[in-house]
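Welcome, and please load the model in your viewer. We will go from the whole chain to single side chains, one selection at a time.

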Amino acid sequence: MRPLHTLPLLLVLTACEPRKSEPAAQAPAPPVEAIAPPLADLKTSVVRINATQQSWNPGQPWEKNPPNQRRALAAIVGPQRVLTTSELVADATYLEFESPDGTHFAQAKVIAVDYEANLALLGPADEKEGKPLFEKTDPLGITAPPKIGQALEILQIEENGQTLLTPGSLQSIDVTSNFLPGHGFLTYLVKASMQSAASSYSLPVVHEGKLAGVLISYNSKDQICDVASTDIISRFLQESADDDYQGFPSLGISIARTEDASFRQWLRLADDQGGIYIQTVRKGGAAETAGVRKGDVLLAIDGQAIDRRGYYQHPHYGSLFWGHLIRGQKSTGESVTLSLLREGQPLEIKPVLTREEENARLVPGYNFGKAPNFLIKGGLVFQELSRPLMEAYGENWQSRAPLNFLDAMENPEKYEGKMNRVVFLSGSIPTPATVGYESLRNLIVRRVNGQEIKDMKTLIAAFKGNMTERHSIEFAEEDFTVYLDDAVSTAVDAQLLQRGITRLSRAE
């Protein structure tokens with residue numbers, strides 16, 4: 001389990017995380033007496049997962065970081081199907097199932113993964129190899145959604161095979177980001193005093209012998225566990241049942257509260273109205289396609305009234321953030337009815353919900369399992385901007401990262417249409433071709449050899465298509481231009497390959 005405020009492998013803190021937490025397996029919590037499992041065969045419903053992960057080096061995108069290992073206990077949810085967190089499988093180079101008693105092993109593969117919801121469904125890479133491990137197992141059913149105050153149990157298995165069920169109480173329920181910032185899903189906050197048993201990255205949470213959630217983080221100081229909810233788990237398993245997982249849908253808007261009296265008066269909102277202000281509409285998203293505009297006020301979704309803070313009344317959970325009406329209750333391709341107020345006049349719009357693919361963003365928020373695009377030319381290193389790259393600037397990256405990068409991430413509409421990705425000069429390797437350019441870095445590329453640069457593919461093509469003796473590179477910052485000798489840079493490229501750099505470019 002990992003803290004809510006971290007992204008895997010880069011170990012970078014964000015400024016907007018709601019609280020600090022730490023892996024349950026490492027938590028120095030005081031010992032408590034675990035309750036005996038109500039079902040003697042509960043161990044037949046879980047397996048261990050061993051994961052080897054290796055991310056790409058953000059500073060040197062042609063090579064990977066050293067590998068690391070993680071180990072988790074996960075619930076069997078169907079015939080040869082195992083549910084775990086996407087954080088466990090992110091950038092995984094090898095996945096392995098292990099029986100709780102350590103006698104059977106089988107290589108695992110990912111059937112479906114949703115990094116935003118932090119869930120993954122695994123199966124054996126070879127069904128024949130997995131048969132001995134799964135033949136005497138008993139998949140867990142999904143329990144009915146719990147209510148606040150209800151008792152839940154966190155399942156652990158020690159290395160000696162002893163089963164532990166740590167009791168906990170469901171204290172609150174909310175829509176929060178538990179892995180990737182900006183992607184909120186229904187989450188249970190469970191009060192429990194965890195024991196350190198058989199180091200585990202994530203754990204099943206059960207109720208009366210059925211799966212109630214997946215433990216994704218633990219705060220030993222406050223003894224609070226964050227648990228992926230039964231609602232999200234059920235929808236994820238339902239959507240991935242046909243091996244054609246589409247992912248949770250998105251409306252494609254960002255909102256602001258309407259609590260300020262002057263703001264409400266300007267929006268022409270009556271005192272008895274709730275509503276949230278739509279401050280951005282993502283280009284190409286479901287909302288924009290249906291005609292939603294910046295400045296509209298969202299009053300209700302499918303008849304569920306939304307208050308000034310963005311909450312509505314759920315029939316089972318009570319007050320919940322509006323995002324659950326989209327990401328928790330709808331599927332990609334379904335329509336939703338939006339009740340809006342535009343310039344004081346009511347109207348209804350019915351968008352068809354779509355999946356917001358991360359690779360369609362100007363600045364992707366994550367790129368797990370994908371090698372980064374880059375180009376080395378004469379020693380100059382060019383990359384495509386992404387959030388993980390900016391997080392490499394350290395704990396306070398939101399204030400330490402270059403302003404032009406932050407502007408591109410926060411205001412993509414200024415760049416969309418001009419480019420598909422933000423291509424920038426990240427630095428240089430000292431070579432005869434880069435003399436005088438050693439200090440240049442973090443400059444957004446506008447044109448190369450007179451050609452507009454929209455992504456890494458167009459950058460590579462612009463260099464290859466040049467027939468002159470030198471290359472011109474124009475940057476967005478103050479119309480700054482540098483020149484690169486073609487013969488010298490070509491000779492340097494050959495030397496870099498001889499010196500151990502495995503490849504000089506990637507554009508996938």
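## Starting at one helix

Select helix 11 first, and colour its buried residues: they pack against strand 21 (374-377), strand 26 (470-475) and strand 27 (481-485). Keep in mind as you go that this is a predicted model.

Which residues of helix 11 are the buried ones? They are Ser489, Val492, Asp493 and Leu496. Turn the view until you look down the axis of helix 11: these buried residues fall within an arc of 105°, so they line one face of the helix. The general pattern behind this is that an α-helix has 3.6 residues a turn, so residues three or four places apart point the same way. Now rotate to the face of helix 11 turned away from the buried side, where you will find the exposed residues Ala487 and Gln498.

Measure along helix 11, residues 486-498, if you like: its 13 residues reach 19 Å from the first C-alpha to the last, close to the 18 Å expected at 1.5 Å a residue.

Next, look at the two ends. At the N-terminal end of helix 11, Asp485 acts as a cap, with a side-chain oxygen 3.1 Å from the backbone nitrogen of Ala487. Just after helix 11, select Gly500, which takes a positive phi of about 120°.

## Asp493, a buried acid

Zoom in on Asp493, which sits in helix 11. Is Asp493 buried or exposed? Asp493 counts as buried, at 9% relative accessibility. Show the side chain of Lys377 as well: the side chain of Asp493 makes a polar contact with it, at 3.2 Å. To see the rest of the surroundings, leave aside neighbours within four places in sequence and display Ile376, Lys377, Gly378, Gly379 and Leu504, with which Asp493 is in contact.

## The hairpin beside the helix

Now select strand 26 and strand 27, which run antiparallel and are joined by five bridges. One pairing to pick out is His471, whose bridge partner in strand 27 is Leu484. The two strands form a hairpin with five residues between them, and in the turn Glu478 has a positive phi of about 55°.

Colour strand 27 by burial and an alternation appears: Val482 and Leu484 point to one face and are buried, while Thr481, Tyr483 and Asp485 point to the other and are not. That fits the general rule that in a regular strand the side chains alternate between the two faces of the sheet.

## A strand covered on both faces

Move to strand 12, residues 224-228. Five of its five residues are buried, so strand 12 is largely enclosed by the rest of the structure. Turn it to check each face: Ile224, Asp226 and Ala228 lie on one side, Cys225 and Val227 on the other, and all are buried.

What pairs with strand 12? One partner is strand 9 (residues 185-191), which pairs with strand 12 in the antiparallel sense over five bridges. Here Tyr188 has Val227 as its bridge partner. Strand 11 (residues 210-219) also runs antiparallel to strand 12, joined by five bridges, and Val214 stands opposite Ala228. Strand 11 and strand 12 make a hairpin with four residues between the strands, in which Gln223 takes a positive phi near 55°.

Step on to helix 3, residues 230-239, which is mostly covered, with eight of its ten residues buried. Among them are Ile232, Ile233, Phe236 and Leu237, but also Asp231, Arg235 and Glu239.

## Gln451

For a contrasting stop, select Gln451 in strand 25 (residues 451-452). Gln451 is partly exposed, with a relative accessible area of 38%. Beyond its neighbours within four places in sequence, Gln451 is in contact with Arg446 and Ala462. Draw a distance to Ser319 too: Gln451 and Ser319 are 132 residues apart in sequence and 53 Å apart in space, C-alpha to C-alpha.

## Zooming out

Finally, show the whole chain, with its eleven helices and 28 strands. The radius of gyration is 25 Å, close to the 23 Å that the globule rule gives for 508 residues, so the chain is as compact as a globular protein of that length. Its C-alpha trace spans about 80 × 65 × 40 Å along the principal axes. Of the 508 residues, 56% count as buried. Among contacts with a separation of 6 or more, 63% come from residues 24 or more positions apart.

Key: Residues numbered from 1 in each chain as written. Predicted model: local features only at pLDDT ≥ 70, side-chain atom pairs only at ≥ 80, totals over all residues. Heavy atoms only, no water. Expected span 1.5 Å × (residues − 1). Buried < 20%, exposed > 50% of the residue type's maximum accessible area, 1.4 Å probe, protein only. Arc of directions from axis to C-beta. Contact = heavy atoms within 4.5 Å. Polar contact = N/O pair within 3.5 Å; in protein donor to acceptor, adjacent residues only side chain to side chain. Pairing = 2+ DSSP bridges. Rg over C-alpha atoms; globule rule 2.2 N^0.38 Å.
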